[in-house]
2 protein chains.
Amino acid sequence: MKEVRILEIKQSVFADNDRQAELLRQELKKKKLCLLNLMSSPGSGKTTTLMRTIEALKDTYRIGVMEADIDSDVDARTISESGARVIQLHTGGMCHLDAEMTRQGLEGLDPAELDLVILENVGNLVCPAEFDTGAVKNAMILSVPEGHDKPLKYPLMFSVCDVVLVNKIDVLPYFDFDLEKCREYVHRRNPQARVIPVCAKTGEGIQEWTDWLSEQVRDWNGL
Amino acid sequence: MKEVRILEIKQSVFADNDRQAELLRQELKKKKLCLLNLMSSPGSGKTTTLMRTIEALKDTYRIGVMEADIDSDVDARTISESGARVIQLHTGGMCHLDAEMTRQGLEGLDPAELDLVILENVGNLVCPAEFDTGAVKNAMILSVPEGHDKPLKYPLMFSVCDVVLVNKIDVLPYFDFDLEKCREYVHRRNPQARVIPVCAKTGEGIQEWTDWLSEQVRDWNGL
C-alpha cells in the first residue's frame, strides 16, 4: 500500500461552529467543490462503501477523501489504492470533527483541482451529529447487523442526514432486521431522508447511491 | 412490557472526574456492591448479552441495571422483563457517562439490596473510554460484523477494558473476521485483557463470561 499523508488536526479556537460551517460552505460554493460528510458506527462499512463510490465516480469527478480517525491510518492506506487523493486526519482523541477541523483537513488535501471531497468522519453515532462540518450534504451508513431500531436510539444522527445507506443487505437472512420498520423509524426522525439499501461488498444498490451523489455534485458545482 | 423509571441525568459539576471515580469506588467497596461498566458500538448486542447475563446470575446475585441512552427507553423496557431492577438514564445528548453521572444513576436505582449493578453505557467506542465511571471493572463488546481491526482504530477503548466479548460468533462464516488477529490486536493494546468469544443470541460462550463476572463480584464484595 502507498504511504499517505497524516495530518494531526488541532482543537478549534472558534466558539461559534455554526457560523464557521456556514462560512466554509460559502467558500466551497465559490470554489465549485462539493463536500460530503459520511458518518456511521464503527464497522458499518464506511471504507468499503467509499471504495465502491470512488470506483463508480472517478471517471466523472476528481475525488478527494479525508479519513478522520482517532489513531491509525488503516483506512487511508486502503483508500489510497483507489486512485482518489487521500489525507489521514488524526483527531487526537476527539470524537468528532467540527467546521474548523474540516477546514484544516481540506487545506491539507489541497483541493483546488477537485470536484468532490468525501469526509469519512469518526465512527460514532453521537458526537459527529452535533457538529456541522460545513459539508454540503450529510450521509450515514447503518449496517444490517446493528439493528433497525437505531433511529429510535440515536435520533439526532438520523435527523441531520440527507441520505441513509442501509449496508450489508447480503446478510439480511441471518439477522432480525426489518427494512420497512427501519424506513419508518428513519422517516419518523427525518421525513425527507432518502433510504438506500446497499451491499458495499457485492455492489448491490450502489448505483442508486452514486446516482444520488452525482446529482448533488452537479447541482452544487453548477455543472 | 413494564413501565420503567426514567432519570434525566444532569451535567457534572466536578472538574476532577478521576477523583470522583475513585471516591465512588471506595463507597462501592464499603457497600459490598460490584459495578460493571459495559461499553460497545451501537448494535453490537449489549442488551441481548445483558439479558443472558441476568438469566445466568439472577439466582446467585441481586442484580440492577442502569441503561444509559441519549433518548428512548427501548432497552430498559426489554431488561425490565428479565427480573433485574432497572433504571433508564437519559444523558440529554451527552455521549458518555462520568463518575458523577453514574452516581446519580446509582442513587436513582436505590442499590442498597443489590450485589451487582451493570451500567450499559452509551453506544460509542470513543468518549465512554475517556471517562472513568467509578466502575469496578470495564467490559466491552465487539461484534463480528464490526471487523477484527477495531482495536487498531479505537485504541483507548481496548486499553481500558478488563474483558472483551467478541459477540455474534454465529455469523462468523458470513464475515471476514479473523478471531486470532482480533486477539492479537486486543493484546497489543492491553496484554491483560481477557477475550471471550460469545453468541448472546444462542448462549454460546456465555458461561465463560458469567463465570468471569461472578468471580469479580465475589472478589469485590468479599463473598
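In this predicted model, the buried residues of helix α7 of chain A pack against β6 (137-143), α5 (150-153), α6 (155-160), β7 (163-167) and β8 (194-197) of chain A. The buried residues in question, within a helix that spans residues 179-189, are Cys182(A), Tyr185(A) and Val186(A). If one looks down the axis of α7(A), these buried residues fall within an arc of 100°, so they line one face of the helix. The face of α7(A) that is turned away from this buried side carries Glu180(A) and Arg188(A), which are exposed.

Helix α4 of chain A, made of residues 99-109, can be read next to α7(A). Ten of the eleven residues of α4(A) are buried, so the helix is largely enclosed by the rest of the structure. The buried residues are Ala99(A), Glu100(A), Met101(A), Thr102(A), Arg103(A), Gln104(A), Gly105(A), Leu106(A), Gly108(A) and Leu109(A). As for what surrounds them, the buried residues of α4(A) pack against the strands β1 (5-8), β2 (34-40), β3 (63-69), β4 (85-90) and β5 (116-120), and also against the helix α1 (17-31), of chain A.

The pairing of α4(A) with α1(A) can be followed in more detail, since the axes of these two helices come within 8 Å and cross at roughly 35°. On the side of α1(A), the residues that take part are Asn17(A), Gln20(A), Ala21(A), Leu23(A), Leu24(A), Glu27(A) and Leu28(A), and they meet Ala99(A), Glu100(A), Thr102(A), Arg103(A) and Leu106(A) in α4(A). Sorted by class, the residues of this contact between α1(A) and α4(A) divide into six nonpolar, three polar and three charged.

A second pair of helices in chain A is formed by α2 (residues 46-57) and α8 (residues 206-221), whose axes come within 10 Å and cross at roughly 65°. That angle makes α2(A) roughly perpendicular to α8(A), and the crossing of the two is right-handed. Helix α2(A) contributes Thr49(A), Arg52(A), Thr53(A), Ala56(A) and Leu57(A) to the contact, while α8(A) contributes Ile206(A), Trp209(A), Thr210(A), Leu213(A) and Ser214(A). By class, the contact of α2(A) with α8(A) has five nonpolar residues, four polar residues and one charged residue.

From whole helices we can turn to a single residue, Leu156(A), whose place is in helix α6 of chain A. With a relative accessible area of 41%, Leu156(A) is partly exposed. When its neighbours within four places in sequence are left aside, Leu156(A) is in contact with Ala129(A) and Glu130(A). Leu156(A) can also be set beside Val86(A), for the two are 70 residues apart in sequence and 29 Å apart in space, taken from C-alpha to C-alpha.

Chain B, finally, offers two lysines whose backbone angles deserve attention. Lys32(B), although it is not a glycine, has a positive phi of about 50°, and this residue lies in the loop between α1 (17-30) and β2 (34-40) of chain B. Lys168(B) is likewise a residue other than glycine with a positive phi, here near 65°, and its place is in the loop between β7 (163-167) and α7 (179-189) of chain B. How do the two lysines stand with respect to the surface, buried or partly exposed? Lys32(B), at 49% relative accessibility, counts as partly exposed, whereas Lys168(B), at 12%, counts as buried.

Terms used:
Residues numbered from 1 in each chain as written. Chains lettered and ligands numbered in written order. Predicted model: local features only at pLDDT ≥ 70, side-chain atom pairs only at ≥ 80, totals over all residues. Heavy atoms only, no water. Axes fitted to C-alpha atoms, helices over the stretch in contact; angles between N-to-C directions. Helix = DSSP H or I, 4+ residues; strand = E, 2+ residues; numbered from the N terminus. Parallel < 35°, antiparallel > 145°, perpendicular 65-115°, else oblique. Left-handed = near helix turned anticlockwise from the far one by under 90°. Contact = heavy atoms within 4.5 Å. Nonpolar A, V, L, I, M, F, W, Y, C, P; charged D, E, K, R; others polar. Buried < 20%, exposed > 50% of the residue type's maximum accessible area, 1.4 Å probe, protein only. Arc of directions from axis to C-beta.
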